[in-house]
There are 2 protein chains.
Amino acid sequence: MHFLPSPLRIAIVGSGAVGCYYGARLAQGGHDVHFLLRNDLDFVRKNGLKIRSYLGDFSLPLVQAYATTAAIGPCDLVIVALKTTANSALAELIPPLLGPHTLLLTLQNGLGNEEALASLASAEQVLGGICFTCINRTAPGVIEHTAQGQIVLGEFVGSDQPRTQALAAAMQASGIEASVTPNLLWTRWKKLVWNIPFNGLAIVGGGISTDRIMASPALLETVAALMHEVIAAASAHGLVMEPNLCQTMIDSTYEIGAYRPSSMIDFREGRPVEWNAIWAEPLRRAQALSVACPRLEQLTQLLQFLISERDRNRT
Amino acid sequence: MHFLPSPLRIAIVGSGAVGCYYGARLAQGGHDVHFLLRNDLDFVRKNGLKIRSYLGDFSLPLVQAYATTAAIGPCDLVIVALKTTANSALAELIPPLLGPHTLLLTLQNGLGNEEALASLASAEQVLGGICFTCINRTAPGVIEHTAQGQIVLGEFVGSDQPRTQALAAAMQASGIEASVTPNLLWTRWKKLVWNIPFNGLAIVGGGISTDRIMASPALLETVAALMHEVIAAASAHGLVMEPNLCQTMIDSTYEIGAYRPSSMIDFREGRPVEWNAIWAEPLRRAQALSVACPRLEQLTQLLQFLISERDRNRT
């Protein structure tokens, strides 16, 4: 493996649960990690980060924490873990971190995030990572990691390269279960096959966990029909899913019990919901190829309404 | 006009707001009206009925009120104003009211109600009426009538007959704005073009009034798309709607302001929702003719879930 310096100089942009968790793992693995923080900046500077992980707890007593990316400066690797609803801030946050060989890795949800980074650097500098994990910030500087933790990495342009593999290897050496996908977009769409119905219906269903969806024959029909629309949209993009994906995903959702999708938590707690990245952008891409997605369209409209109505009632 | 005795011996089955209002009008018009009552039986026997109508208040101090239809006996006209969710009781309630020439008039919502009555008598005895009105029971024996009040009458089998016109005339003579449709099913489907989206989205949108739907460009797209599905389903049944119906209905909904659809009130107040008659039965009929109604299907599934989840959380 080559192309990547070691240790890596890394910036974490968006130090919520995901950014802090993976950043802390990489720091523990010996990399030079710099966290952009907002709310918890003073607390973390003073007290560091505590990771309570089902894989074993650890803490970082000394954290390089910053209020601006200008204070961090150019890095080898920029990990973007902002909520996608804050993507408009990237134009200001990213440039100070860029050198000629800086890699930009987005760990964000849904579609359109690699494009947002590519517009600020070059497409060849951009990678995406899809996280399969249960991570929450439970208190200032405290991250709870309760299940899974894998990242699937891929190139925005083309298939995997030696550097993709090298980055995965560096992550693995830091205790992160990382793998490489030869087709990032395929993997993103595959995750959407699950996220679109389950995150969406958890909100429309009244702020429910997945077990309530699984217990309803009516909603399971909705889930399956939505999945088939998303699979058809992916297929129109040349991204063909395995034949039994819908049933496999539904079956495996029984096993995760009363899981609370992140979008539902965001919705209930009054935070921005990643409506554009998870529903509206996939819908736009389906419509651009004339794939009929009436259920996805209706779900997207319902979510748009429910989110705006929530915000209206809070003000 | 002929075929109808005068005064009519009338039974009102289902003495909620609609049954009490129209029954009281007919009693005031000189007909011999018998009310089947449940909760308010003793109160109404003692205190009668008070109608507070925007057309002028009136009261019926002496009301013929009964606990069973056997106590009423055969009538010329049976007006069924039960919630459709109680239709399973019809098999017990209707037979004692039947003579060889009894007319059965259902004022209930949605599809399938004429069929339910026809199975208990003969199809030729059955008529349907579609009510366009705002009526609420606000206290025991007190009915508030705040707007409209029209009934459109039609035959279950075939087109209008002299008796249909005679019944409308009898209603008009009692102060009810009644008209006759030559095609009852056409009129029922037309009402569903409005009820399916607005009653449904008022529930799925979180228990909202129509003004919130009208203020949301996203939900108005959902409304229009649902309307087009219902119009297509009606069309497949040979029931062709006027070309601009969707836009006309949307425009006229601005005028009714913060209207609370009855299904939404039922949903919020923990009462049975007429899910089968308004959503499931139209969907079944569309599917029987292979009309694709994915949005109606998804809405029907969401409503089924939300109603069952509400009931689950109340017990």
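In which segment is B:P7 found? B:P7 lies in the segment before β1 (9-13) of chain B, where strands (E, at least two residues) and helices (H or I, at least four) are DSSP runs numbered from the N terminus.

This is a predicted model, in which local features need pLDDT of at least 70, side-chain atom pairs count only at pLDDT 80 or more, and totals for chains, interfaces and linings use all residues. Residues are numbered from 1 along each chain as its sequence is written, chains are lettered from A and ligands numbered from 1 in the order in which they are written, and side-chain values use heavy atoms, with hydrogens and water left out.

**Stop 1: the start of each chain**

Select B:S6 and B:P7. A cis peptide bond joins them, with omega about -5 degrees. Now select A:S6 and A:P7, which are also joined by a cis peptide bond, omega being about -5 degrees. A:P7 sits in the segment before β1 (9-13) of chain A.

**Stop 2: both chains together**

Show chains A and B. Chain B is superposed on chain A by a rotation of 180 degrees with 0.0 Å of shift along the axis, at an RMSD of 0.0 Å; the fit is by least squares on the C-alpha atoms of residues with pLDDT of at least 70 in both copies. The two copies are therefore related as by a two-fold rotation axis. To find the axis from chain B, select B:R295: its C-alpha is the nearest to the axis in that chain, at 2.9 Å. Of the contact residues of chain B, 100% recur in chain A, so the same surface serves both copies (contact means heavy atoms within 4.5 Å).

**Stop 3: α8 of chain B and a helix of chain A**

Select α8(B), residues 217-236, and α12(A), residues 294-314. Their axes come within 8 Å and cross at roughly 145 degrees; axes are lines fitted to C-alpha atoms, for helices over the stretch in contact, and angles run from 0 to 180 degrees between N-to-C directions. The crossing is left-handed, meaning that the near helix is turned anticlockwise from the far one by less than a right angle; clockwise is right-handed. On the α12(A) side, the residues to pick include A:L302 and A:F305, and on the α8(B) side they include B:L219 and B:L226. This contact has five nonpolar, four polar and one charged residue. Here Ala, Val, Leu, Ile, Met, Phe, Trp, Tyr, Cys and Pro count as nonpolar, Asp, Glu, Lys and Arg as charged, and the others, Gly among them, as polar.

**Stop 4: α8 within chain B**

Add α6(B), residues 184-204, which packs on α8(B) at about 145 degrees with the axes 9 Å apart. α6(B) passes α8(B) in a right-handed crossing. Among the contact residues are B:W189, B:W194 and B:F198 of α6(B), and B:V223 and B:M227 of α8(B). By class, 16 are nonpolar, one is polar and none is charged.

Next add α9(B), residues 245-255, whose axis comes within 10 Å of that of α8(B).

**Stop 5: a charged pair and a backbone detail**

Select B:R137 and B:D40. They form a salt bridge with the closest N and O atoms 2.9 Å apart; the term needs a side-chain nitrogen of Lys or Arg within 4 Å of a carboxyl oxygen of Asp or Glu. B:R137 is in strand β8 (residues 126-139) of chain B and B:D40 in the loop between β2 (32-36) and α2 (41-47), 97 residues apart. Over all chains, the structure has 32 salt bridges.

Finish at A:Q148 in strand β9 (residues 142-155) of chain A. A:Q148 is not a glycine, yet its phi is positive, about 50 degrees.
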